[in-house]
Amino acid sequence: FFRIFFFCLPTDMRCYGPPSAFRRSGSPLKPPTPPKPPTPPKPSAPPSVPATTHPHPLKFGQPRPSGYEFDGCGRAFPPGAKSWFCQPCSFDLCEGCGGPSRGKQSQGPLSWLRRALSGSSSSQSSSAVSSQGRSSLVRVTREAIIESSRGLEEIPTLSNVSLAAEYVAVGVPFLFSGDQVPELAPVLARLSDHKQWVSEFRGDLEVPVSALKKGGNSAPPFGAPVMMPLSIFFSEHVTTLNPPQFYLQQLSLKEFPMLKAWVQPPELPFGLPCEGSECTVFAGGSGITTSLHYDRQHFLEGTVPVDNFFVQAMGVKQFDLYRPCDHASLYARGESLPPEALRHHNSAVQSGARSAEDELPDPQIESPHVSRIGDLEVALAHPEAWPGFSEAHSRKLRVLLRPGQGLYIPRWWWHRTVSMSLGTAINWWFV
């Protein structure tokens, strides 16, 4: 019966012996190898601390509530997300993009700086209304700019045009690209080729140019400007064949309507409101240097420190920025000279080590915003004559502006420039 039943079963249901895993094949019977358990994932290490100018150390963690957003990338802060944070300042950095975040009660990515430096912007900063009826930016005080300059490790690059007003409001310098200001594109295209200057005006336009001092240095006191046709200036003095002798500097476009109509500059980059502004152009050969100074212009019935948007159109220019916190060590002409520096200067003049041109100018005559130090290398070689300058020089911030790049220089920031090649540029001073 069983034989009949067995052969009646389908072939795939017939069992001819033990499972293959347990058959004898010259080796002892072994059970099947159990599968390996999954390896638990290794805990991810926290990301490295992002580079920031925040004065306090940052911690990582602290899930934040919803309602926050990142100005760097524009994303909303997801609920439960972690960040680099400073609890006392209500300051956060995004883990993914490193962009600063802004809470509901914050006023921008640099609000921590505004709060830490000036306490309350309403009590220590002043706002004004421009002649066109627009409210100007609320600015921090000079003391706040001095404090903020102490911890700045490098000149930041503007990541989002919406942040420009915040940087200007708190007086922090930054680099930007001309591409971030669309109305600058045609301006830079015209200024970037000096042949266009010549062909446009054909020598009909005469402009005032400044005679440079020995070594191509542009420093006060300035002599009377030389009126020169624009075509001759570019063909003979903006070339690589001759050492620089003349410099077209701070040529105000409002005084030359024909040139302004050709350049067509915007009122102010990023559309920032201001109480007053002035647009000027620069042009010169390679090797021109400017004295160490901070910017002052005549605005609002007085000469006041001003902010500066400087954009390089052609060539390369080097900027050395000195911090406002080192103001006392930069020896402004409008301030008294330390006794040590005065003694060293008098002995150098008596011994003949310095010529009459190197004598210190009367600080009451002119240029109180220019440093008394004419030759920086000499000052560094004689630290006893200029106490504190070596330390201030070691803390300077250096940037190279290439064609199409811009630099915002806040008021009270000292700077010195060197033209590394033939160049043209445009800038805006504003208050």
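The following legends describe close-up views of side-chain interactions in a predicted model.

**View 1. An aromatic pair between F174 and F309.** The structure holds 20 aromatic pairs. In the pair of F174 and F309, the ring centres lie 6.3 Å apart and the planes meet at 70°, an edge-to-face arrangement. The two residues come from distant parts of the chain: F174 belongs to strand β6 (residues 174-177) and F309 to strand β15 (residues 307-314), with a separation of 135 residues. F174 counts as buried because its relative accessibility is 0%, and F309 is likewise buried at 0%. Both rings belong to a cluster linked by ring pairs, which comprises Y167, F174, F176, F270, F309, Y408 and F430.

**View 2. The ring pair of F310 and F319.** The centres of the two rings are 5.1 Å apart and their planes stand at 65°, so this pair is edge-to-face. F310 and F319 are both buried.

**View 3. A charged group over the ring of W412.** The charged end of R142 is placed over this ring, at 3.6 Å from the ring centre.

**View 4. The surroundings of T280 in strand β11.** This strand spans residues 277-284. With a relative accessibility of 1%, T280 falls under the 20% limit and is therefore classed as buried. Its side chain makes a polar contact of 2.3 Å with the side chain of N427. Leaving aside residues up to four places away in sequence, T280 touches Q250, L251, S252, A425, I426, N427 and W429.

**View 5. A salt bridge within helix α4.** Side chains of opposite charge can pair when their charged atoms come close. The count of salt bridges in the model is four. One of them joins R150 to E147, with an N to O distance of 3.2 Å. Both residues lie in helix α4 (residues 142-150), three residues apart, which is about one turn of the helix. E147 is partly exposed, at 42% relative accessibility.

**View 6. A salt bridge between strands β17 and β16.** R398 pairs with D320, and their closest N and O atoms are 2.6 Å apart. R398 lies in strand β17 (residues 397-401) and D320 in strand β16 (residues 317-322), so that distant parts of the chain, 78 residues apart, are linked. D320 is buried, at 3% relative accessibility.

**View 7. A salt bridge between the loop residues D326 and R395.** The side chains meet at an N to O distance of 2.5 Å. D326 is located in the loop between β16 and α10 (339-351), whereas R395 is located in the loop between α12 (389-394) and β17, so the pair ties together parts 69 residues apart in sequence. D326 is buried at 6% relative accessibility, whereas R395 is partly exposed at 36%.

Definitions and conventions:
Residues numbered from 1 in each chain as written. Predicted model: local features only at pLDDT ≥ 70, side-chain atom pairs only at ≥ 80, totals over all residues. Heavy atoms only, no water. Phe/Tyr/Trp six-rings, centres within 6.5 Å; stacked < 30°, edge-to-face > 60°. Helix = DSSP H or I, 4+ residues; strand = E, 2+ residues; numbered from the N terminus. Buried < 20%, exposed > 50% of the residue type's maximum accessible area, 1.4 Å probe, protein only. Lys NZ or Arg CZ within 6 Å of the ring centre and 35° of its normal. Polar contact = N/O pair within 3.5 Å; in protein donor to acceptor, adjacent residues only side chain to side chain. Contact = heavy atoms within 4.5 Å.
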